[in-house]
Amino acid sequence: MVAGIDALAGRLRDAIGAERVITDRQELRTYECDGLARFKVVPALVVLAGSAADVAATVQACADARVPFVARGSGTGLSGGALPHADGVLIVTSQMRRIVEIAPSDERAVVEPGVINLHVTRAAAPHGYFYAPDPSSQQICSIGGNVAENSGGAHCLKYGFTTNHVVGAHVVTPDGELVQLGGRAPDAPGYDLLGAFVGSEGTLGITTEVTLRLVRLPETVRTLLAAFETIDQAGAATSAIIGAGVVPAAVEMMDALAIEAAEAAVSCGYPAGAGAVLIVDLDGPDAEVEAQFAQVLTLCAEAFEIRIAAGDAERALFWKGRKSAFAAVGRISPDYIVQDGVIPRTALPEVLHRIGEVSRAHGVRVANVFHAGDGNLHPLVLFDDGVAGEAERAETASGAILDLCIEYGGSITGEHGVGMDKTKHMPRMFTDDDLETMQLVRCAFDPHSLANPGKVFPTPRLCGEVPGRHRGADQHPSQEAGLAEIF
Amino acid sequence: MAPIPQHRPTSTKEAAELFKAATADGLTVAIRGGGTKQDWGATLEEPDLILDTSGLTGVVEHAAGDLITVVRAGTPMAELQRHLAPQRQQLALDEPLPGATVGGTVAANTSGPRRMLYGTARDLVIGMTVVRADGTVTHSGGKVVKNVAGYDLGKLFTGSYGTLGLITRCAFRLHPVPEATAFVRARVRDVAGILAAIRGLQVVPSAVEIDSATSEVAVLLEGTAAGVRARAATVATVLGDDQAKPDWWGTYPWRPGDTGIKVTAALSRVPALLTGRVGLRGSAGTGVLYAGLPADTPPGEVARTLDELRTAARDAGGHAIVLTAPEPVRERVDLWGPVDGLSLMWRVKHQFDPDGRFAAGRFVGGI
């Protein structure tokens with residue numbers, strides 16, 4: 001394999017320039033993991049792509065040599081989607097960070113995959129627009145990674161996920177061809193391959209340019225923070241809000257332990273003694289927001305304290321505690337696992353009690369942070385790796401929480417992706433036939449299983465012979481693998 | 001000639017058995033729901049059997065608190081909406097051709113004015129059960145709105161025209177029925193100026209529609225009573241105060257037997273499309289428009305018009321496809337036109353239906 005990689009490195013240096021090809025062992029180690037740092041693999045080779053042509057040339061070379069490749073953007077993914085392959089090439093797209101076009105009159109932005117999520121909104125805002133998907137990592141995660149992971153965020157309750165905001169992509173397919181999926185106008189004729197590509201976690205190719213939908217900035221945003229004595233009360237308020245037909249931009253919840261961590265880390269100053277806080281964002285036309293805000297205040301009547309953000313600064317403060325919650329638990333625990341599961345929103349109170357039981361049964365603390373509006377839980381399982389057996393107990397508890405998500409008819413991942421981390425859980429959500437069917441698409445795009453192999457699917461499917469008669473101008477999107485967001 | 005055998009399974013399992021038998025016998029298959037779009041897409045060779053979904057009906061689940069429903073594919077759209085209405089919820093998907101089923105709506109990916117706010121079937125489907133050509137029963141997605149486990153095959157099957165298998169069940173995210181709605185409409189001359197002015201408002205319309213036959217632009221607002229009143233007043237500063245619903249709202253500009261064309265464009269190019277000699281109607285808010293040509297239009301003239309529309313749509317970043325046409329027109333024109341990524345699409349088709357038995361030739365590029 002080593003000889004093969006040397007030959008590949010030589011070909012790539014000639015094709016895209018020596019400065020873009022990394023083979024030094026120490027430098028390679030920089031890329032050994034993504035945001036899920038407990039998995040580490042040093043790649044055989046790293047390519048720092050500067051253009052679509054670089055990506056295409058690299059993938060083509062991999063295809064010719066039958067060498068696997070993994071795409072990586074900012075490397076913030078939390079499921080190991082961008083974990084390198086030991087015998088493969090890691091294609092890093094973070095240098096492809098050109099905003100090609102902001103077209104407000106088309107309500108579109110065209111960007112390269114390495115562009116940082118938040119930078120799209122920054123570029124669009126002067127024109128009165130924003131890019132809606134807002135993973136917690138939006139200050140560092142890239143659009144290419146968002147496309148791979150179908151990233152969500154707090155505001156996807158109202159605005160939808162990445163897949164609802166990507167209208168076109170240039171994709172290098174695993175055989176090295178550059179194809180166009182979707183476009184600037186909606187409803188491109190033919191199969192919705194773009195819909196299959198978004199969220200395919202780098203297993204169908206790499207995207208090199210993405211056309212995004214921009215959304216008109218809301219006239220008004222109002223935010224409240226409601227503190228409840230118990231998490232049940234906060235859950236009941238959430239259900240009442242949704243049940244009343246209000247669609248807030250976001251409804252976020254944190255429990256006492258998560259609040260304690262956030263206070264320790266960023267001094268967000270939430271009301272003392274809260275068993276749970278809710279953060280509710282309403283946005284839209286003035287008159288709608290006023291009417292709905294009054295309604296939400298009424299529905300939060302059980303709260304012992306409600307604060308209403310006086311302006312952007314205070315809104316940012318409310319959100320600061322929430323957005324920093326994952327990192328914040330580092331202040332109250334040496335180690336922790338970030339879980340990501342989904343349940344039907346109405347099951348929230350029941351499932352939280354069950355999580356409490358799991359926590360007690362395994363002797364590990366669990367802090368709960370979640371997108372209450374859409375039932376997306378992010379339990380943080382706290383442990384100390386220095387204590388013998390605790391990491392194992394935390395892992396078991398974390399798995400038991402996913403069991404609950406499945407038991408209640410939810411999902412094993414709402415936004416972090418399957419990646420490397422959750423392949424083993426896929427058969428609990430899907431039948432063998434379901435997984436085989438998904439891999440029919442994989443076989444159409446990547447018959448030799450070179451694009452991010454070992455991710456998403458627990459058992460790879462052999463694709464058989466690829467019919468030659470329709471080969472030609474393919475395309476394919478993928479983006480770089482794995483950067484799920486952090487939310 | 002003997003009539004084509006029709007099969008009417010009453011369960012996913014029964015449909016699967018039927019497809020297994022059809023595979024063993026090498027039979028070709030066509031699927032029929034409400035029958036409102038049987039004439040859409042290229043003409044099929046006569047299939048060996050027709051699968052009628054009218055036995056696959058009923059709402060399996062409506063979890064109002066979770067704003068989701070699971071429904072069998074043969075259920076008429078109207079029946080689903082009636083089922084959801086008592087809880088003041090809806091599947092926010094328009095029904096341009098009354099009588100359509102849920103499965104047909106998804107398989108043909110039809111949409112209407114409200115796509116501007118709510119998106120289309122692809123945005124609302126959260127889970128799907130499909131019987132593959134070989135009879136394999138397969139699921140993707142689930143019953144929760146937020147879910148990234150596995151490939152999102154619901155999107156692949158949405159708009160696939162029955163060429164990949166049979167959709168037997170869909171899970172959808174739902175929306176509340178708004179407390180109030182209002183239309184604001186006007187005849188306009190400066191289409192570009194008016195559309196830009198509406199875009200500039202922060203009123204979040206559910207739809208912005210245009211109809212070149214009447215030179216009208218109409219805006220739909222939905223929300224709370226107080227909110228809708230205020231927003232309609234804001235729109236009225238651009239369009240005036242006529243608040244009657246247009247009679248052309250949400251309908252295609254053609255009759256049965258005519259040629260029906262769908263034209264897409266980047267938003268800023270919509271006004272340019274309207275300067276052509278063909279009338280257009282549809283969503284100026286998203287760039288999805290429709291044109292109709294009467295059944296007796298000479299095929300040569302349809303072909304010339306289609307060429308013009310294709311050129312204009314291409315320049316506008318979109319496409320022009322013929323949804324339906326009389327037989328003489330079908331013989332003359334390429335209904336689908338150029339398609340990006342066609343060879344990949346063929347590879348997908350080959351994986352799902354290697355013998356090409358499902359709706360063969362109906363879809364893009366002869367798929």
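This is a short talk on a predicted model with chains A and B, covering confidence, the contact between the chains, and two sheets.

Confidence comes first. Chain A has a mean pLDDT of 93. In chain A, 95% of residues reach 70 or more. One stretch needs a warning. Over residues 468–487 of chain A, pLDDT stays under 50. The model still gives that stretch 139 contacts beyond four places in sequence. Where pLDDT is low, the predicted coordinates should not be read in detail.

Now the interface. How many residues does each chain put into the contact? Chain A puts in 79 residues, and chain B puts in 69 residues. On the chain A side, several elements supply at least two residues each: β9 (178–182), α7 (193–197), α8 (231–243), α10 (286–299), α15 (426–429) and α16. Which of them gives the most? That is α16(A), with nine residues. By class, the side of chain A that touches chain B has 31 nonpolar, 32 polar and 16 charged residues.

Let's stay with α16(A). One of its partners is helix α12 of chain B, residues 342–352. The two axes come within 8 Å and cross at roughly 140°. Angles over 145 would count as roughly antiparallel. At roughly 140°, α16(A) is therefore oblique to α12(B). The crossing is right-handed. Who makes the contact? From α16(A), we have L440(A), V441(A), C443(A), A444(A) and F445(A). From α12(B), we have L344(B), R347(B), V348(B), Q351(B) and F352(B). By class, this helix contact has eight nonpolar residues, one polar and one charged.

Next, a second helix pair across the interface. α10(A) packs with helix α8 of chain B, residues 225–239. The angle is about 170°, and the axes are 7 Å apart. That angle makes α10(A) roughly antiparallel to α8(B). The α10(A) side uses A287(A), E288(A) and A291(A). The α8(B) side uses A226(B), G227(B), A230(B) and R231(B). These residues divide into four nonpolar, one polar and two charged.

On to the sheet in chain B. What is the strand order? The five strands run β4-β5-β9-β7-β8, in an open sheet with antiparallel pairing. The edge strands are β4 (59–63) and β8 (137–141) of chain B, each pairing on one side only. The twist averages 15° from one strand to the next. Look at one edge. β4(B) pairs with β5(B), residues 68–72, over four bridges in the antiparallel sense. In that pair, A63(B) stands opposite I68(B).

Two helices meet this sheet, one from each chain. From chain B, helix α1 (residues 12–25) packs on the sheet, touching β7, β8 and β9 (165–173). The direction of α1(B) makes about 40° with that of β7(B). From chain A comes α16 again, residues 432–445. α16(A) lies across β7 (125–132) and β8 of chain B, running at about 75° to β8(B). So much for chain B.

Last, a sheet in chain A. Here four strands form an open sheet in the order β1-β2-β4-β3, with mixed pairing. β1 (21–22) and β3 (69–72) of chain A stand at the edges. Each has a single partner strand, so one side of each lacks a neighbour in the sheet. β3(A) runs parallel to β4(A), residues 89–92, and four bridges join them. V70(A) stands opposite L90(A). Helix α3 of chain A, residues 52–65, packs on this sheet and touches β2 (45–48), β3 and β4. The direction of α3(A) makes about 170° with that of β4(A).

How values were computed. Residues numbered from 1 in each chain as written. Chains lettered and ligands numbered in written order. Predicted model: local features only at pLDDT ≥ 70, side-chain atom pairs only at ≥ 80, totals over all residues. Pairing = 2+ DSSP bridges. Axes fitted to C-alpha atoms, helices over the stretch in contact; angles between N-to-C directions. Contact = placed C-beta atoms within 7 Å. pLDDT = per-residue confidence, 0-100. Nonpolar A, V, L, I, M, F, W, Y, C, P; charged D, E, K, R; others polar. Parallel < 35°, antiparallel > 145°, perpendicular 65-115°, else oblique. Left-handed = near helix turned anticlockwise from the far one by under 90°.
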